[in-house]
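Me: I am new to this structure. Please show it to me, and then I will ask how the terms are earned.

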Amino acid sequence: MIRINEHYRKLQASYLFSDIAKRVAAFQSDNPDTEVIKLGIGDVTRALPPACIDAFHKAVAEMADDATFRGYGPEQGYPFLREAIAEHDFRKRGADIAPEDIFISDGAKCDTGNIQEIFATDIRIAIPDPVYPVYLDTNVMAGRTGEFTDGRYAGLIYLDSTRENGFVPDLPSDPVDLIYLCFPNNPTGATISRSELQQWVDYARDHRSLILFDAAYEIFIQDNTLPRSIYEVNGAKEVAIEFRSFSKTAGFTGTRCAYTVVPLECTAYTAGGDPVSVRDLWHRRHATKFNGVSYPVQRAAAAVYSAAGQAQVMERVTYYLANAEHIRSEMEALEYACVGGENSPYIWIDSRTDSWSFFDMLLNAAGVVCTPGAGFGRCGQGYIRISAFNNAENVREAMARIRNALS
Ligand code: PLP
């Protein structure tokens with residue numbers, strides 16, 4: 001008899017986006033003349049930068065000719081892309097990362113989801129609340145949690161991100177082995193300072209634990225005192241893996257390209273306490289289960305680092321951040337406390353009421369869709385997330401409607 005992985009039965013159905021869709025559909029059928037504006041999504045709306053499109057076209061043309069055609073590429077990614085990443089994203093900022101430490105993939109979602117399988121099942125795991133749900137669900141699937149009761153899985157250490165701690169979790173009071181951190185954060189938009197990140201790295205070194213640092217939104221950092229990479233912090237290479245993505249950086253959500261950095265020095269331990277290279281383990285896993293990102297996509301991603309690509313990417317970032325600034329200043333003018341939106345595309349707003357009630361109110365009174373914070377974890381209750389990924393006209397119209405409805 002074929003049997004299932006029983007741990008899947010512990011997973012909570014993700015009602016968040018289907019509930020949103022149901023409520024929007026009901027509103028739309030009652031109000032067919034209102035154009036609903038969606039500020040709930042975490043997907044970009046601007047087209048790929050022209051520099052990426054040019055490189056994409058050229059690479060497709062190469063694939064059309066026997067003389068330049070490419071079959072399977074290196075599983076870890078083509079050297080031209082890994083070298084460009086090491087140089088531009090790390091060495092230029094003083095972080096000594098080698099091309100050999102970089103693994104190209106088709107998404108930070110897959111990488112943040114898959115990485116846990118190279119670690120033991122009985123380790124202690126710390127996960128932020130509110131959270132990007134992939135970290136949580138992949139550990140549930142792997143059997144690292146107990147049942148779900150009162151909004152939380154037994155066996156995990158939750159790192160509360162609240163107004164009191166500035167949405168940067170405190171160090172855990174009990175020792176943990178694997179720590180998930182995400183900055184700039186989804187969903188809160190909060191950032192972490194260099195000294196706060198140093199405390200986490202020091203903690204990991206003291207406890208021989210490992211930090212999984214998700215920097216998918218790094219491009220939005222405007223404040224140059226903030227770290228863009230965990231490797232800008234002393235001692236991080238031994239105790240941290242970093243995830244990056246071209247999705248939000250350059251509009252690759254539908255094109256798919258990302259990368260994970262596992263430095264040579266990064267160490268985990270056998271049951272007997274002997275050190276093992278995490279990079280070797282991840283390399284083994286990657287080469288066994290992944291066959292590389294397509295050549296044209298890697299060429300398109302490498303074009304991000306050309307002078308034209310950099311200018312075009314920054315133009316898009318500025319565009320989304322102008323939306324974010326508008327959303328935040330409008331909500332603050334209405335006296336709602338906000339975090340994010342300055343170094344991130346998300347604004348996390350204290351609704352002063354229940355998340356879903358505020359969601360319903362914005363939908364019914366303004367025809368605007370946001371994301372209820374309660375869908376990201378217990379600490380998200382009472383908050384909503386508004387995303388700056390939309391066109392500027394829609395954002396202006398949405399905020400004018402919200403101002404009307406709330407004032
Ligand atoms: N990490 C975070 C925090 C995200 O919010 C997202 C997407 O929304 C991802 C990773 C996924 O990125 P990718 O498109 O590279 O899979």
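Me: Why is R228 called buried or exposed?

Reply: R228 counts as buried because its relative accessibility is 12%. Buried means under 20% relative accessible area, exposed over 50%, partly exposed in between (1.4 Å probe, protein chains only). R228 lies in the loop between strand 8 (210-214) and strand 9 (240-245). Strands (E, at least two residues) and helices (H or I, at least four) are DSSP runs, numbered from the N terminus.

Me: What kind of model is this, and how are residues numbered?

Reply: This is a predicted model: local features need pLDDT of at least 70, side-chain atom pairs count only at pLDDT 80 or more, and totals for chains, interfaces and linings use all residues. Residues are numbered from 1 along each chain as its sequence is written, and side-chain values use heavy atoms, with hydrogens and water left out.

Me: What makes Y217 a polar contact of the ligand?

Reply: A polar contact is a pair of N or O atoms within 3.5 Å; within protein, one must be able to donate a hydrogen and the other to accept it, and residues adjacent in sequence count only if both atoms are side-chain atoms. A polar side-chain atom of Y217 lies 2.7 Å from a ligand oxygen. For S245, a side-chain N or O atom is 2.7 Å from an oxygen of the ligand. K109 uses a backbone N or O atom, 2.9 Å from a ligand oxygen.

Me: Which residues surround the ligand most closely?

Reply: The closest are A108, D214, Y217, S245 and S247, among 14 surrounding residues. The cut-off is a heavy atom within 4 Å.
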